[in-house]
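Q: Please take a close look at the surroundings of the ligand in this model. I would like a connected account for a first-year student.

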Amino acid sequence: MTAAAEIYCARVLPGGIDERSEAAEGGDPDSSAGGIDERSEAAEGGDPDSSAGGAGGSAPRGIDERSEAAEGGDPDSSAGGAGGSAPRGIDERSEAAEGGDPDSSAGGAGGSAPRGIDVELIGDEDLGDGEVSAAAVANPGSRLDDDARRALRELLGDGVRFDEPLRRHTTLKIGGPADAFCEPASVAEVSALARWCAAAGVPITVIGGGSNLIVRDGGVRGAVLGTGRLRGLALTPPATIRVEAGVSTGKVLSLAMKNDLGGVEFLGGVPGSVGGGMIMNAGTYLGEFKDVTRWVETVRLADGEVIRRDSAACGFRYRASDLPPGEVVVGAELVLRPRPRADIQAEVSALRKRRAEREPKKVASNGSTFKNPPGDFAGRLIEVAGCKGWREGDAVCSPVHANWLVNTGRASAAELLQLIERVRAHVLQIHGIALELEVKIIGED
Ligand SMILES: Cc1cc2nc3c(=O)[nH]c(=O)nc-3n(C[C@H](O)[C@H](O)[C@H](O)COP(=O)(O)OP(=O)(O)OC[C@H]3O[C@@H](n4cnc5c(N)ncnc54)[C@H](O)[C@@H]3O)c2cc1C
């Protein structure tokens, strides 16, 4: 184990599709995605609902308003504090900015769309050499006037893009434009953005890696807060990891593995960011965020306050949490345990292999669309109901895994949502079970 804190720069999110195929080959522990969704098997260890953990307590139990940290009282609690410093004040943004990480395209306005994906970026201008335009798109519904745009530019510099198609930021490759796609580079910038938006009456919608999101075709009015630049990641020996919300799950697993720390093996199959993972309590049959989280820090969108909750107060349960929608997760502390690297590698490889054998590859998706109902599997119910292969345009109920409703080309959100409703209605008719969506839907038609 290294004595000093180790830092890794998170790759741009969503880069998951490309990384998944690599991961499926068992090669890269760094990969943020296993390409496959193991959630359907969560119940194999019993009732999927039995994963409900935490005290189920609703916020704001356990809140620490961080005034002490802000005043410098607790030198150890600087992670994501009001002062905006990353864990131990370390952050590798500069490396990415200098091109250190070839995978990172999480740049500002000049950044190009993610590369190496397996599906076409619908509607992006093909520049003829495999590149796609990162230009803004028509957004007649935008509610931001010139003054608001100027103010956001002053606040975030190149960390804001206007009329940005959100299909570039979702693994489904679906979604209309955000009026402003804002990527604060520190917790202090998150707070400043929250305060400005609250004062200006501009709504904020948060996205992480976009791996569990359907963005409607009309896009999102106001500011979309992307966490991709919150990339602080630090290990405090022997086994504590502080991580900012925009770090990919794969980076966390990689750091743990390199330091012989177990506990996050379940991330071998879960793409997305740590922030999104906290909101969803993401996981697989090997575990979930609830199992390793000591505390979570958020910024309240109404006033920019930084709030810390211990794990019990986060209300983690099966693919959900009680973290309030009016807050953005900015960081967390994870507690791991010593484990030989070979054992970690073996378990992660087995997880990836198992998933690679069972689930769709090289297709734009959110993984599982529906949650498993207690004691059963959404995929089984959908398959028995005969929905496999159903389609609306390019939105298809995967013939490989029925709970994956995927985009095979140029599906619109409207088509996918129509397919979701057809499948849900049919499962209700055949089985009498109302499936609950696992994916989140944002934006307007
Ligand atoms: C191929 C594939 C396989 C998958 N397999 C699994 C699996 O095995 N297990 C599993 O649990 N999930 C799986 N998923 C779903 C997804 O990876 C997880 O739900 C993941 O945790 C979502 O993280 P994200 O950063 O992409 O969140 P997003 O999709 O960006 O957002 C999800 C929700 O969280 C909110 N959110 C995101 N970040 C923040 C933040 N910082 N603060 C506040 N709110 C935030 C968004 O508003 C949204 O409501 C899979 C997805 C894909 C594409």
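A: A residue is counted as near the ligand if one of its heavy atoms lies within 4 Å of it. The model examined here is a predicted one. The ligand has 40 residues around it, and V206, S211, N212, S273 and G283 come nearest.

The residues of this shell can be sorted by character: 13 are nonpolar, 19 are polar and 8 are charged. The shell can also be described by the parts of the chain that supply it. At least two residues come from each of strand β3 (204-207), helix α7 (274-280), strand β9 (283-284) and strand β13 (327-335). Among these contributors, α7 gives the most, with 5 residues. On the scale of domains, both domain 1 (1-359) and domain 2 (360-442) are represented, each with at least three residues in the shell.

Individual atom pairs give a finer view. S273, already named as one of the residues that come nearest, has an N or O atom in its side chain at 2.6 Å from an oxygen atom of the ligand. At P271 the backbone is involved instead: one of its N or O atoms lies 3.0 Å from an oxygen atom of the ligand. The backbone of V329 likewise places an N or O atom 2.8 Å from the ligand, but here the ligand atom is a nitrogen. Taken alone, the ligand exposes 970 Å², and the protein buries 96% of that area.

Some details of the backbone complete the picture. Most residues other than glycine have a negative phi, and most peptide bonds are trans. Against that background, three places deserve mention. D163, in strand β1 (residues 160-165), is not a glycine, yet its phi is positive, at about 55 degrees. Because its relative accessibility is 13%, and buried means under 20%, D163 counts as buried. K173 also has a positive phi, of about 60 degrees, although it is not a glycine. K173 belongs to the loop between β1 and β2 (177-182), and its relative accessible area of 2% makes it buried as well. The third place is the peptide bond that joins P237 and P238, which is cis, with omega at about 10 degrees. P238 is located in the loop between β6 (233-236) and β7 (240-244).

How values were computed. Residues numbered from 1 in each chain as written. Predicted model: local features only at pLDDT ≥ 70, side-chain atom pairs only at ≥ 80, totals over all residues. Heavy atoms only, no water. Polar contact = N/O pair within 3.5 Å; in protein donor to acceptor, adjacent residues only side chain to side chain. Areas by Shrake-Rupley, 256 points an atom, 1.4 Å probe, with all protein chains shown as cover. Helix = DSSP H or I, 4+ residues; strand = E, 2+ residues; numbered from the N terminus. Nonpolar A, V, L, I, M, F, W, Y, C, P; charged D, E, K, R; others polar. Domains from an automatic or database assignment. Buried < 20%, exposed > 50% of the residue type's maximum accessible area, 1.4 Å probe, protein only.
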